[in-house]
Amino acid sequence: MAQDNSSWVTEFILLGLSDTRELQLLFFILFLLAYAMVLLGNLLIIVTVRTDPKLSSPMYFLLCNLSFIDICYTSITAPRVLVALLSGHKAIAFEACMAQLFFLHSVGSSEMFLLTVMAFDRYTAICRPLHYTAIMARRACWALVAACWAGGFIHSFVQTVLMLQLPFCGPNTIHSYFCDMPPVIRLACTDTALTEWLMASNSGLISLGCFLVLVASYALILAKVRARVSQGNWKALSTCASHVMAITLLFVPCIFTYLRPAGTLHPSKYVSVIYTILSPMMNPLIYTLRSSEVKESMWRLWKTCRT
C-alpha cells in the first residue's frame, strides 16, 4: 500500500492494556484462555451442528454461521495481542494496521447483521409458525447470510477508504491493543471533523439501528408469548433471552464507542475488550447452555468419539 508525500508514518505503536510486565503476563494468560475458549467453543458448535441431522433447522444453521464469524472476528486481534504481550513487540506496520481495521469492521458488522437475521428467525418461528418453513427456507437462509457478509464488506470498505484519505505524519502511538477507527483517527495531522462524523454515522448508526431492530423484534416476541402462554412458547422465550444476553454484550459497547465523533471522548481500550474478546467467548456458553438440543447433540458426539 503506497503512501503519498503527506503520510510519513510507516508504522504505529500499540500501547496495549498496560506497561507493567506483571500485568502483561496476567493479560497474556487471560487472553490466551479466552481465545482458546472462543476457538474450542465455537468449533464444537460448528462440528455438532454439521454432524447432527436433528440440528438442521434454520436457527442452528444461523448459529453455525455465527460461530464461524466469532472465530474469524477474534482471530483478527487476539493472535497479535498475544504475541505483543509475550514478546513486548508493539509495532504494527501501516498496511497491517489498515488491514486489521478493514477485516475487523467487515466481520464485526457482518455479525451484527447476522444477529438481526437470527432475531427475525425467532420472530418468524414464534409469531408466524405456519409460514416459518416457507419464509426461512434453506435458500432464503443462504441468501440472508450472504447479504450479511456483503453488507459487512461494503460498510468496512467505506470506513477504510475514509481512513486512507487521511495524512499521518506523527505521532504514531495508539492507545489501544489493536487498530480501530477512534484511536487511529486521532493521530491524523489534519482536521478530521467531517471524517469523524461520516464514520460515526456509518458505524454508529449501523450499531444503533441493528440494536433497535433487535429490541423491537424481541419486544414483539415477548408480547406474543404473554398472549399465548404454553410450554413451547416459554421454551422459545428462553432461547430469545440468551440472544438478548449476546446482543447486549456486543451492541452496547459498540454504540458507546462508535456513535460519536472520535475527538469528543477518549475511547476506552478496556471497553473494547468486551466486544472483541468477551462477547465471542460468551456466545458458545450462552447458546449451548440455553439449548437442550445442542447439549444433547454434543453428548452424543462425545460418546461417538469415545467409541
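## Overall layout

Take contacts in the chain between residues at least 6 apart in sequence, and 81% of them join residues at least 24 apart. Keep in mind that this is a predicted model.

The chain has ten helices and three strands. Read from the N terminus on, the elements go β-α-α-β-α-α-α-β-α-α-α-α-α.

## Inside and outside

Of the 307 residues in the chain, buried ones make up 50%. On the outside, the accessible surface adds up to about 14,600 Å², and carbon and sulfur atoms own 70% of that.

## The nonpolar core

The largest nonpolar core takes in 83 residues. If you want to find your way into this core, look for Phe12, Met163, Phe168 and Phe251, the residues with the most contacts inside it. Helix 2 is the biggest giver here, putting 15 residues into this core.

## Aromatic pairs

Searching the whole structure for aromatic pairs turns up twelve. One to pull up on screen is Phe61 with Trp142: the ring centres sit 5.0 Å apart and the planes meet at 65 degrees, so this pair counts as edge-to-face, the cut-off for that label being over 60 degrees. The pair ties together distant parts of the chain, with Phe61 in helix 2 (residues 58–87) and Trp142 in helix 5 (residues 138–164), 81 residues apart.

The two partners don't share the same burial class. Phe61 has a relative accessible area of 7%, so Phe61 is buried, given that buried means under 20%. Trp142, on the other hand, comes in at 48% and is therefore partly exposed, since exposed would take over 50%.

There's also a cluster: ring pairs link Phe102, Phe103, Phe153 and Phe157.

## A nonpolar patch on the surface

Two names from that cluster, Phe153 and Phe157, come back on the surface. Together with Ile154, Val158 and Val161, Phe153 and Phe157 make a nonpolar surface patch of about 440 Å².

Ile154 is worth a click too. This residue is found in helix 5, the helix that also holds Trp142. With a relative accessibility of 53%, Ile154 counts as exposed, because the line for that class is drawn at over 50%. Trp142, at 48%, stays partly exposed.

Definitions and conventions:
Residues numbered from 1 in each chain as written. Predicted model: local features only at pLDDT ≥ 70, side-chain atom pairs only at ≥ 80, totals over all residues. Heavy atoms only, no water. Phe/Tyr/Trp six-rings, centres within 6.5 Å; stacked < 30°, edge-to-face > 60°. Helix = DSSP H or I, 4+ residues; strand = E, 2+ residues; numbered from the N terminus. Buried < 20%, exposed > 50% of the residue type's maximum accessible area, 1.4 Å probe, protein only. Core = buried A, V, L, I, M, F, W, Y, C linked by side-chain atoms within 4.5 Å. Patch = residues over 30% accessible without salt bridge, like charges linked within 9 Å, V, L, I, M, F, W, Y side chains within 5 Å. Areas by Shrake-Rupley, 256 points an atom, 1.4 Å probe, with all protein chains shown as cover. Salt bridge = Lys/Arg side-chain N within 4 Å of Asp/Glu carboxyl O. Contact = heavy atoms within 4.5 Å.
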